[in-house]
Amino acid sequence: MDIKRFFVLRFALLAAVFLGMMSGGASAQTPAPAATADVAAKTTSRQEAAATKRVSEAVAVVTRMEAVPRMKQLLQQAKGIFIIPTYVRAALGVGATGGAGVLLVKKPDGSWSEPAFYNLGGISVGAQAGAEGGPVALVLNNDVAVNKFMQKTEFSLNANAGLTIINWAKMAQGTLGDGDVVVWTGTEGLFGNVAAVGINGIRYSQSANNAYYKQTVAVQDVMAGKYTNAQSEPLRQSLAKAAAKSS
C-alpha cells in the first residue's frame, strides 16, 4: 500500500468515527417523544393536585367566614367571591408576593359556580400593616367587580381601576357600606386598621384551570357551567350554606 492511499483511508476512517460520535451525542441530547410526554403528564398531575388542594382548603375559609354574623349577611348580597386559602407574609406598607386563589360567582338561582383559578401578585395596605399571612377572601359585591375577573390580561382591584376596596376589619366597626369589594382575612392585624386595600397583579391561571378540568377552558365557560369537577361540590355547598338566608 502506498503512503498516499494509507493516509486517505486513515482520514476516511477518522471522519466516520467523528461523525458517528456527533450523531450519537446529538441523539442523546434530544429527548425522546415518550420522555417528553411523560414530563408533561407529571407536570399536569402536579398542577391538578395543587388546584384540588386549593379548593379543599377554601372550604375551611368559608366556614370561618360563616361564623361571623355580619359577614354572613355580606355573603347573602355578594355576586361572587375570590378565596386565597394562604396569603404569604405581608410586608410593611407594600404588597408581598401574594398567593393563589379560586373565584366562584353566584348564579341567578342562588347556587354557586364551579371554581376558576387565579394567581395573585400582592396586596397593598397602609404602613400599619405587617403580620404573618393567612387566609384571605375578596367578597365581590357587584357585577363590576366580577367582570374584572373575566379579563384575559393581568389586572388589579384598586381605586385606579375605578373600584372601592374596603378592609373588612375597618368596615366591621361601622355599617356594611357599599364598596365594590370587601377584603376579609382570617389573620388578625394582617392589614392593620386602614380603610382601603389594593389587590395587585391578579391573573388567570390557564395551566391550573386546564389541569383541574382536564381540558383547555376559558373562565367565562367555567362560570357558565360548561365544565364541572365533582371535587368542588363541598366548597359550593359551603358557600350556599353560608349565604343562605335564615328562615
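**Exercise 1: Getting your bearings**

How many helices and strands does the protein have? Add the overall burial and exposed surface.

*Solution.* Start with the fold elements: eight helices and nine strands. Keep in mind that you're looking at a predicted model. Next, burial: of the 247 residues, 42% count as buried. The exposed area comes to about 12,900 Å², with carbon and sulfur atoms supplying 59% of that. Finally, look at how the chain meets itself. Take the contacts between residues at least 6 apart in sequence: 72% of them join residues at least 24 apart.

**Exercise 2: How far to trust it**

Find the mean pLDDT, then pick out stretches where pLDDT stays under 50.

*Solution.* The mean pLDDT is 79, and 67% of the residues reach 70 or more. Now scan for weak spots. One is residues 90-96, where pLDDT stays under 50; the model still gives this stretch 23 contacts beyond four places in sequence. Another is residues 127-131, also with pLDDT under 50, and here the model has 17 such contacts. How should you treat those contacts? Where pLDDT is low, the predicted coordinates should not be read in detail.

**Exercise 3: Salt bridges onto helix 8**

Which residues of helix 8 pair with E66 and E114? Work out what each pair links and how covered the partners are.

*Solution.* First, the count for the whole protein: six salt bridges.

Step one is E66. Its partner is K241, with the closest N and O atoms 2.8 Å apart. E66 belongs to helix 2 (residues 33-66) and K241 to helix 8 (residues 233-243), so this pair ties together distant parts of the chain, 175 residues apart. K241 counts as exposed because its relative accessibility is 52%, and the cut-off for exposed is over 50%.

Step two is E114. This one pairs with R236, the closest N and O atoms being 3.5 Å apart. Again the pair links distant parts of the chain: E114 is in the loop between strand 2 (99-105) and strand 3 (116-120), R236 is in helix 8, and their positions lie 122 residues apart in sequence. As for cover, both E114 and R236 are buried.

**Exercise 4: A salt bridge with unequal cover**

Is K226 buried or exposed, and what about its partner D221?

*Solution.* The side chains of K226 and D221 meet in a salt bridge, 3.3 Å from N to O. K226 has a relative accessible area of 59%, so K226 is exposed. D221 sits at 21% relative accessibility and therefore counts as partly exposed. Elsewhere, salt bridges with shared partners join E114, E233 and R236 into one network.

**Exercise 5: A buried acid without a salt bridge**

What does the side chain of D180 reach, and which residues does D180 touch?

*Solution.* Locate D180 first: look in the loop between helix 5 (168-171) and strand 8 (181-185). D180 is buried yet has no salt bridge. The nearest side chain of opposite charge is K148, 9.7 Å away, and a salt bridge here needs the atoms within 4 Å. Now check for another polar partner: the D180 side chain reaches the backbone nitrogen of T164 at 2.7 Å. Skip the residues up to four places away in sequence, and D180 touches V139, L140, N141, N142, A145, G162, L163 and T164.

**Exercise 6: Helix 6 and what follows**

Which residues of helix 6 are buried, and what is the sign of phi in K214?

*Solution.* Helix 6 covers residues 206-213, and its buried residues include A208, N209, A211, Y212 and Y213. Two of these names turn up again with N229: leaving aside neighbours within four places in sequence, N229 is in contact with E114, Y212 and Y213. N229 lies in the loop between helix 7 (219-223) and helix 8, and counts as buried because its relative accessibility is 16%.

Now step past the helix to K214, which follows helix 6 and is found in the loop between helix 6 and helix 7. Its phi is near 60°, a positive value in a residue other than glycine. At 61% relative accessibility, K214 counts as exposed.

Conventions: Residues are numbered from 1 along each chain as its sequence is written. This is a predicted model: local features need pLDDT of at least 70, side-chain atom pairs count only at pLDDT 80 or more; totals for chains, interfaces and linings use all residues. Side-chain values use heavy atoms; hydrogens and water are left out. Helices (H or I, at least four residues) and strands (E, at least two) are DSSP runs, numbered from the N terminus. Buried means under 20% relative accessible area, exposed over 50%, partly exposed in between (1.4 Å probe, protein chains only). Contact means heavy atoms within 4.5 Å. Accessible areas come from the Shrake-Rupley method with a 1.4 Å probe; for residues, only the protein chains shown count as cover. pLDDT is the predictor's confidence in each residue, from 0 to 100. Lys and Arg count as positive and Asp and Glu as negative; His and the chain ends are not counted. A polar contact is a pair of N or O atoms within 3.5 Å; within protein, one must be able to donate a hydrogen and the other to accept it, and residues adjacent in sequence count only if both atoms are side-chain atoms.
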